[in-house]
Amino acid sequence: MPPTPNRTLPPLNPLKAFEAAARHNSLTVAAEELNVSQVAVSRQVRVLEDYMGVTLFRRLNRGIELTREGVLLFKGIAKAFQDIEDTTKHVSRRDQRNILAIQSYVTFSRGWLMPRLGDFHAAHPRIEVRLSSSPEAADFDTDNLDAAIRGGDGNWPGLHAEKLADMELIPVCSPSFLAAHPLNRIEDLSQVKLLHSMARPKDWPAWLASVGAPLTPKNRLLFENSSLAYEGALMDLGVAIANRYFVQTQLNAGTLVTPFEHSCQTGESYYLTWPKDEPPSSPLLKFLDWIRIHFAPDDTPSAEVVSDQIVDETASNPGV
């Protein structure tokens, strides 16, 4: 990729003075806005005119008037100044120190985090949580995040990684599906639809390999992410491969069952990650304290909460 040429920009302070004067059509009002004298604004405008080699204002007895060149310049920079202001407000956390921005996989958000966010909010009502979803690794340099949920081995240069849970795979389906399609042997899986997450294509092969199954199932139904596959299992569409941690509440409630008790450890885990080179924000420190207490095997919200979320919500972003 060729190097980006250096930008040639006019002096910014004079440009700012000109923009204010042109917007108000007044040197006096511009001076009040910028908290400087009218003479200072006039001097800055002349610096810009000298730099550009054009006259930007006609000085009249009762004020100023933009020249043709001044009109063209103002039209160009007014939008640029507005874009800078809007983008800065979007990115900045100035005066908003109680914002906690977290990126997570859709399935992790639905299966564990969202059912418990009410508890976190009750403990910390002044913290505004901004939860986003993506299957991609977070880019802390550009995404304006405090922390992100990530699956893997926990070894990512430049990131703290606090282990939350291991990935343990089990097959699940609804009780009514199992009643209509008895699964007495592993081989019987070849007679039913297997629900796959396109975000995790290796999960079914890994589980089948772990039980030594000789079959290669061909009757598949593919979903964008695991959360939709779990929803399909609840709706009697087939057998999904699930992370036990995210369906434990449904298993406890009996809305999902596992036709085979064998589970498969993938060797990966879920981690909460954040940059090593930046001190955690105050909201993130509170979130860390909270998640360390609440992320426990028996920490499951009510079955109604999780089931309603899985059935009623449609994933807006791909995820694991």
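Reader: Which strands does helix α5 lie across?

Author: A helix packed on a sheet is read by listing the strands beneath the helix and by giving an angle to one of them. In this predicted model, helix α5, residues 106–123, lies across β3 (99–104), β4, β5, β6 (159–172) and β10. The helix runs at about 170 degrees to β4.

Reader: In what order do the strands of the open sheet stand, and which are the edge strands?

Author: A sheet is read from one side to the other, by spatial order and not by numbering. Here eight strands form an open sheet in the order β4-β3-β5-β10-β6-β9-β7-β8, with mixed pairing. The edge strands, each pairing on one side only, are β4 (128–133) and β8 (220–223). From one strand to the next, the twist averages 25 degrees.

Reader: The pairing is called mixed. In which sense do β3 and β5 pair, and how many bridges join β5 to β10?

Author: Each pair of strands is read separately, by direction and by bridge partners. β3 and β5 pair in the parallel sense, over two bridges; the bridge partner of I102 is A147 in β5. Strand β5, residues 147–152, and β10 run antiparallel and are joined by five bridges. Within that pair, I149 stands opposite L272 of β10, and R150 stands opposite Y271 of β10.

Reader: Let us take one residue of β10. Is S269 buried or exposed?

Author: The relative accessible area decides the matter, and a residue under 20% counts as buried. S269, found in strand β10 (residues 264–275), has a relative accessible area of 4%, so this serine is buried.

Reader: What does the side chain of S269 make a polar contact with, and which residues does S269 touch?

Author: A single polar contact is read together with the list of neighbours. The side chain of S269 makes a polar contact with the side chain of D166, at 2.7 Å. Setting aside residues up to four places away in sequence, S269 touches R150, G151, G152, K163, A165, D166 and M167. R150 thus appears in two descriptions: as a residue touched by S269, and as the residue opposite Y271.

Reader: Where does helix α9 lie with respect to the sheet?

Author: The reading used for α5 applies again. Helix α9, residues 244–253, lies across β6, β9 (239–243) and β10, and runs at about 50 degrees to β6. F246, V247, T249, Q250 and L251 of α9 are buried. Just after α9, G254 takes a positive phi of about 85 degrees.

Reader: At what angle do the axes of α5 and α10 cross, and which residues meet there?

Author: A pair of helices is read by distance, angle, handedness and the residues in contact. The axes of α5 and helix α10 (residues 282–294) come within 12 Å and cross at roughly 115 degrees. This crossing of α5 and α10 is right-handed. W112, L113, R116, D119 and F120 of α5 meet K286, F287, W290, I291 and H294 of α10. By class, this contact has six nonpolar, one polar and three charged residues.

Reader: How many helices and strands has the chain, and what percentage of its residues count as buried?

Author: The chain has 11 helices and 10 strands, and 43% of its 320 residues count as buried. Among contacts between residues at least 6 apart in sequence, 78% join residues at least 24 apart.

Terms used:
Residues are numbered from 1 along each chain as its sequence is written. This is a predicted model: local features need pLDDT of at least 70, side-chain atom pairs count only at pLDDT 80 or more; totals for chains, interfaces and linings use all residues. Side-chain values use heavy atoms; hydrogens and water are left out. Helices (H or I, at least four residues) and strands (E, at least two) are DSSP runs, numbered from the N terminus. Buried means under 20% relative accessible area, exposed over 50%, partly exposed in between (1.4 Å probe, protein chains only). A polar contact is a pair of N or O atoms within 3.5 Å; within protein, one must be able to donate a hydrogen and the other to accept it, and residues adjacent in sequence count only if both atoms are side-chain atoms. Contact means heavy atoms within 4.5 Å. Two strands pair if DSSP finds at least two bridges between them. Axes are lines fitted to C-alpha atoms, for helices over the stretch in contact, and angles run from 0 to 180 degrees between N-to-C directions. A crossing is left-handed if the near helix is turned anticlockwise from the far one by less than a right angle, and right-handed if clockwise. Ala, Val, Leu, Ile, Met, Phe, Trp, Tyr, Cys and Pro count as nonpolar, Asp, Glu, Lys and Arg as charged, and the others, Gly among them, as polar.
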